[in-house]
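Hi everyone, thanks for coming along. Let me put the structure up on the screen, and then we can walk through it together.

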Amino acid sequence: MNASTATATSPLRPPGSAWPSRAPLLLLLAVALAVPLFVRSATYLHILILLLLYAYLTTSWNLVGGFAGVLPLGHAAFVGIGAYTSTVLSLQYGVSPWVGMIVGGFLSTLVGVLIGLPTFKMRGAYFALATIAFAEGLRVMVENIDRLGPFLLNGPRGLQIPPLELGFGRFMFAEKEPYYYIILAMLVLAVGITWAVSRSKLGYCLAAGGEEPEAAQSLGINVARVKLVAMAISSFLTSLAGTFWAQFTLYIHPKSVMSLDISFEIAFIALIGGRGSIAGPLLGALLLRPVSDFSRIHFGDTLPGLHLVIFGGVLILVMLYQPRGLQEPLTRLYRRALARSAGMRERG
Amino acid sequence: MTLLELHRVSKHFGGIRAVEEFSLEVQAGEIVGLIGPNGAGKSTLFNCVAGVFPPTSGEIVFQGRRIDGRKPWDLCRMGIGRTFQIVKPFASRTVLYNVTVGAFAVTSRLGEAERWALEVLRLLRLEDKADMRAANLAIADRKRLEIARALATRPRLLLLDEVMAGLRPTEVDEMVAVIRRLRESGITFFLIEHIMRAVMALSDRIAVLHFGHKIAEGAPQEIARDERVIKAYLGEDYGAA
Amino acid sequence: MIYLLEDAINGILMGSIYGLAALGLTLIFGVLKVINFAHGSLLMVGMYAAYWAVLLTGAHPYLALVIVLPLMFAFGYLLQAVVIQPIFKAEREVREPITVIIVTTGVWYILDNLGLLVFGPQYRNIQDNPLRGKMIEAGEMLISVPKLWGFCAALVTAALVWLFLQKTRMGRAVRATSLDRDAASLQGINPYRIYNIAFGLGTAVAGVAGVALVPFYNVFPTVGVLFDIKCFIIVVLGGLGSIGGALLGGMIIGVIESVGPQFMTATWTEAIVYGLFLGFLFLRPSGLFGVKYDW
């Protein structure tokens, strides 16, 4: 390839065009880093931590649900595996939750691949069904198991983590700020991975396989295999959030870490925000988490489930009018504003 | 050198014998056309060669290796590219993205893949549409994109399934020129085509499929004169096209 | 031993009602090629409709069918026509419209939580109805009468659906559309109308299941979720799109649920059902009667 072909990319991608598209994300990061300096209320910080947690979960989900073009509806299973693995290891064997987090991650990867193995070769509906059934099946089992071999699971009563030893090594803090920064760091990591995947061969193959599997196969892509890779990464990352959740709340039980509602909320946030895009999950969490917290706080007693009606309604409207999620019109607006300001600068 | 050999290939679906004992050899550098009335089994035969499904019986040999029953992605890596009769672009993506997916078959680096994809686009005169969404392309460009994408995988053999269908006469001429140019770069073609003018002008040899059976094979002029072919097929269509 | 037999029979009866509910789901899938995640919620709607119809009129519970059947058909028809169809049209070129699956989950959430908002979380049942708790004695066995009627309803409904698909002009159009939407539309069939009809029919079948359940089953807003997941498992067991498979799959689940507790805690049987489902998914994904598709 000669030099002229290399420069031929320039008319297609104006130099520096990557920067403005990254600018909002970086701005968001700067704001996120500064937030605990201003928000001193533990309640609001708690809500923000949950927002970041869901942004993280959705970003992890997006790797398979967005890029691979399938619909996983049982990611709570990985949250549960992560939470239980690290908690059991730390309670019974004194293993640092950080180590347990990684162990849980690999366990989830294994499970994710096992679910994907038979289902990725079939129509997407099977995969969606399999993930739901697996997650629910796992929850039912954990609810029934007090003891799994040497491991104490405590059935439906769940596990409490006594806050005996605080500190980073034990993943346990008296204040909320450390949790805030940990989940923020995890989110940055997940977004970074997503970004890298979207610009890699894997990302291209996933997108192609998700959109037109036959065409993708004819171009040398083993579609089922790349989906498995995506599933592996996604289930690993999702599992880490389970450990975070356990250490943050210090109490886990099957309904809190494995409920179908978690799986669906993740999927809804991704779909409304815009699946398959990097900003979509972040945007979705930013828009929807406050709705659900607000409605739970103010209408929790009088109108239970109101936020879910809103979620469902918003989801249908978004699918009808913006099937690629809300990130698309916003990105377009942003680009237009950018172009206009650039035009003004040229004229001025 | 023989690039592709089909040896008594049959494909049955339940009781339907879509292709029956079909044999053919394609030499490296050749353009071989496959014609026949609708439902003659042409696409089925293509799908057998491209690995969509294995033939019921018979052998397919590519570059001296048995390939029947191999998966499409393996065949692509071995050097067989294909297009689809009903085009299947990655519609939500740009033209460049579409072709880059193909280019990733030969490299793992995005920059390199994009450069190669752009080169292919230039070859097919699609470079000015590189940033357009594939969904917004007109039909002629969609067909070109289909070829570009397959071409980006650097195939030795390209299977074209009706890439001229739906094109205007001038566009057909352009496509014929494109295929000739590509053949000069060393690519072998095996193509299904309904537009007689194009297939007659392009092909070195033509095989005729009728109800799953090969009823004739030869140079375009011989095929045009062949009684059985005329009866089965050309009589009704040749003049029209 | 006799208890086991009794449990097995009651399990088959109850399971056939599960199968009846799943029949609607498999019907919709067969035609639209989309899993309707709102199916359990539609069943819930059918149950509430039957419940209120009986409570307000004081009629025999099964007479509620007169109201519930057309109501549910219309509801399903409109749901497909107004909410789902636009997405099908927008994604006409997409082979597998995941967006449609997603929209049905949205419908699920709306219906369930609207049910919660409107009717409250309490469990309701029709206290004084002639079928409640009624049993017939067969030798030493006690067989639940409303479940027996539910079993009959399941068989009759399945037979009627089958006859409709095989023998009527409209049914043939439905089958043609399910085989190949594009080819059917070339034959002058409007596939979207067929989708509406199939969706209405599937919903009406869920309504029949609702009417069969109301005399002996509690009605509450999330009752659909319970059946939703059972229906998913049943259709995969029986083979997506197969009528007989839905009934048989339902009966298998019913038997496991009723015989299982003789040997273990009831919640464990639930886990076994999930295990069975996953086993099928791995070993025979096309189910008992499912066609092996080249997807």
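Let me start with a question: how many salt bridges does the count come to over all chains? The count comes to 28 over all chains, where a salt bridge is a side-chain nitrogen of Lys or Arg within 4 Å of a carboxyl oxygen of Asp or Glu.

Some ground rules before we go on. This is a predicted model, in which local features need pLDDT of at least 70 and side-chain atom pairs count only at pLDDT 80 or more, while totals for chains, interfaces and linings use all residues. Residues are numbered from 1 along each chain as its sequence is written, chains are lettered from A and ligands numbered from 1 in the order in which they are written, and side-chain values use heavy atoms, with hydrogens and water left out.

Now, confidence. The model scores ipTM 0.90 and pTM 0.88. As for pLDDT, the predictor's confidence in each residue from 0 to 100, chain A averages 86, with 92% of the residues scoring at least 70. Chain B averages 89, and 96% of its residues score at least 70. For chain C the mean is 84, with 96% of the residues at 70 or more. Within chain B, helix H9 (residues 227-237) has the lowest mean pLDDT of the elements, 68, and helix H3 (residues 95-103) the highest, 95. Helices here are DSSP runs (H or I, at least four residues), numbered from the N terminus. In chain A, pLDDT stays under 50 over residues 1-19, for which the model has 17 contacts beyond four places in sequence; contact means heavy atoms within 4.5 Å. Where pLDDT is low, the predicted coordinates should not be read in detail.

On to helix packing in chain A. Helix H13 (residues 260-273) of chain A and helix H14 (residues 279-299) of chain A have axes 7 Å apart, at an angle of about 125°. Axes are lines fitted to C-alpha atoms, for helices over the stretch in contact, and angles run from 0 to 180 degrees between N-to-C directions. H13(A) is therefore oblique to H14(A); angles under 35 degrees count as roughly parallel, over 145 as roughly antiparallel, 65 to 115 as roughly perpendicular and the rest as oblique. By class, this contact of H13(A) with H14(A) has seven nonpolar, four polar and three charged residues. Nonpolar covers Ala, Val, Leu, Ile, Met, Phe, Trp, Tyr, Cys and Pro, charged covers Asp, Glu, Lys and Arg, and the others, Gly among them, are polar.

H14 of chain A also holds one of those salt bridges: Asp293(A) pairs with Arg289(A), their closest N and O atoms 3.2 Å apart. Both residues lie in H14 of chain A, four residues apart, about one turn of the helix.

Next, helix H6 (residues 97-119) of chain A crosses H11(A) at roughly 140°, the axes coming within 7 Å. That contact of H6(A) with H11(A) has 11 nonpolar, 10 polar and no charged residues.

What else does H11 hold? Trp245(A) lies in helix H11 (residues 223-249) of chain A. Beyond its neighbours within four places in sequence, Trp245(A) is in contact with Leu50(A), Leu53(A), Leu250(A), Ile252(A), Ser256(A) and Val257(A).

Finally, chain C. Helix H2 (residues 39-57) of chain C and helix H4 (residues 98-119) of chain C cross at roughly 30°, their axes coming within 9 Å. So H2(C) is roughly parallel to H4(C). Their contact has eight nonpolar, one polar and one charged residues.

Notes. Helices (H or I, at least four residues) and strands (E, at least two) are DSSP runs, numbered from the N terminus.
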